[in-house]
Amino acid sequence: MSKHIRYNIQNFNKKDLQNTFKRIKRAGFSGVVIPAARPFISDLNGECEFFPVDELAYLAREQDLDLTLEFNIFESWYVWKHQNFSAPVKFNNSPYYPAQEKNYYPICPNNPLAEKRIERILSLLETVPESVALLISEMGFPFNWMENNLDIQNSHPPFCYCPFCLGEFSEYIDELVTEPQQVENNFRYWMDWRINVIYKYFVDIFSNLIDNPLIISIPPLSLIDLPFVTGQIPIAFLREDARIAPPLLHVSKNKNFRWVIDQLRHYELEMDENDLIPILELNSDKVDNLEFIEKRGYQDVIYDDWDKFLEL
Ligand SMILES: [Zn+2]
């Protein structure tokens, strides 16, 4: 089993990174997962949204660490700062605002800026070796699962009703849709359409990758709820040889480790062990968790994260 650890870089500093990568290697990890987008900065000052991924690949290889780059797809504070950005819209016609500063900045999949951003990400990936893996997160929309209690029974799934969405959906059903209520009347079609829109992004990504391993992170919900809540169909991702990484962050989600085990068992009913990459949160019961996971024979496991590891 290969153990990877997520490392949230604050600033790109070569010397610091070299040191940290060395320590990560010495701590027994074979790989490092790095969110490629910079954390929120109030003054952009001409900065690019992403860290120099080619240099990250070089530094990781220098320490003989596998590198996985993580990209959030429909979430970016950087895009929110764009002068042409318009926020996704709720059923009551009010915009979705980030829950709090520096947190979750949803982008509508039908916003042209979302598509532009994917092009940018794909061209960035051309600068890294094929051995660098790609972890795609937040590809469901708009579902802030970190802030959600994950009890979605009887709730209306979060949708976006922005002009882009209503326009695209009108074309899809060949009928002019201008009001959220019309969406309600065509609920079934709206669901199918949203799945198509999101799947198209997935196709864009996997068909443009040369040979880089592709991993899709899905919110830790049951497989049957995922299409309804997020528009994602994990089984369709598996068909294209992507692997699935559920973030089973039990501490952050106020759950015990039993929940992690139950979720994994649930996923394993539908997919092969090798298609699953559990993302596990480290805390003081880390040793038990490791023992349990190591017995299961997963090919890869991602631990969250390096800062928490240092606190143990
Ligand atoms: Zn929209």
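Asp-305 sits in the loop between β9 and α12 (306–311), and a good tour of this predicted model can start right there. The peptide bond joining Asp-304 to Asp-305 is cis, with omega at about -15°. Asp-304 closes strand β9, which covers residues 300–304, so to speak of this bond is also to speak of the end of a strand in the sheet.

Let us step back to the whole chain. It holds twelve helices and nine strands. Its radius of gyration is 20 Å, close to the 20 Å that the globule rule gives for 312 residues, so the chain is as compact as a globular protein of that length. Along its principal axes, the C-alpha trace spans about 60 × 45 × 35 Å. Of the 312 residues, 35% count as buried. Among contacts with a separation of 6 or more, 75% come from residues 24 or more positions apart.

**The sheet**

How are the nine strands ordered in the open sheet? The order is β6-β5-β4-β3-β2-β1-β9-β8-β7, with parallel pairing. At the edges stand β6 (243–245) and β7 (247–248); each has a single partner strand, so one side of each is left without a neighbour in the sheet. As background, strands of a sheet pair through backbone hydrogen bonds, either parallel or antiparallel.

Strand β1 (residues 2–6) is a handy place to look at the pairing in detail. Four bridges join β1 to β9, and the two run parallel; here Ile-5 stands opposite Tyr-303. Three bridges join β1 to β2 (residues 31–35), again a parallel pair, and in this pairing Ile-5 stands opposite Val-32. The chain passes from β1 through helix α1 (residues 14–26) to β2, making a right-handed β-α-β crossover. On to β8 (residues 279–281): three bridges tie this strand to β9 in parallel, with Ile-279 opposite Ile-302.

Just before β8, Pro-278 lies in the loop between α10 (257–270) and β8. Is Pro-278 buried or exposed? Pro-278 counts as buried because 22 C-beta neighbours lie inside 10 Å, and the cut-off for buried is 20 or more. Leaving aside neighbours within four places in sequence, its contacts include Pro-246, Leu-248, Leu-264 and Tyr-298. The C-alpha atoms of Pro-278 and Leu-65 are 213 residues apart along the chain and separated by 19 Å.

**Two helices with a buried face**

Helices α4 and α7 can be read in a similar way, and the table sets out their spans.

| Helix | Residues | Expected span | Distance between end C-alpha atoms |
|---|---|---|---|
| α4 | 112–125 (14 residues) | 20 Å | 20 Å |
| α7 | 187–208 (22 residues) | 32 Å | 32 Å |

In α4, the buried residues are Ala-114, Arg-117, Ile-121 and Leu-125. Seen down the axis of α4, they fall within an arc of 80°, so they line one face of the helix. An α-helix has 3.6 residues a turn, so residues three or four places apart point the same way. What covers this buried side of α4 includes β3 (66–72), α3 (77–80) and β4 (133–137). The face turned away from it carries the exposed residues Pro-112, Glu-119 and Ser-123.

In α7, Trp-190, Arg-194, Ile-198, Phe-202 and Ile-205 are buried. They cover an arc of only 110° around the axis, which puts them on the same side of α7. These buried residues pack against β4, α5 (163–173), α6 (180–185) and α9. Strand β4 therefore appears in the surroundings of α4 as well as of α7. On the face of α7 turned away from the buried side are the exposed residues Arg-188, Asn-196, Lys-200, Val-203 and Ser-207.

**Two aspartates with positive phi**

Which loop holds Asp-64? Asp-64 is in the loop between α2 (53–62) and β3. Its phi is near 60°, a positive value in a residue other than glycine. Asp-64 is exposed, as 9 other C-beta atoms lie within 10 Å.

Asp-241 belongs to the loop between α9 (234–239) and β6. Although Asp-241 is not a glycine, its phi is positive, about 70°. With 10 C-beta neighbours inside 10 Å, Asp-241 counts as exposed.

Notes
Residues are numbered from 1 along each chain as its sequence is written. This is a predicted model: local features need pLDDT of at least 70, side-chain atom pairs count only at pLDDT 80 or more; totals for chains, interfaces and linings use all residues. The expected span of a helix is 1.5 Å times one less than its number of residues. A residue is buried if 20 or more other C-beta atoms lie within 10 Å of its own, exposed if 12 or fewer, and partly exposed in between; C-beta atoms are placed from the backbone. The arc is that of the directions from the helix axis to the C-beta atoms. Two residues are in contact if their C-beta atoms, placed from the backbone, lie within 7 Å. Two strands pair if DSSP finds at least two bridges between them. The radius of gyration is taken over C-alpha atoms; the globule rule is 2.2 Å times the number of residues to the power 0.38. A crossover is right-handed if, with the strands pointing away from the viewer, the path from the first strand over the helix to the second runs clockwise.
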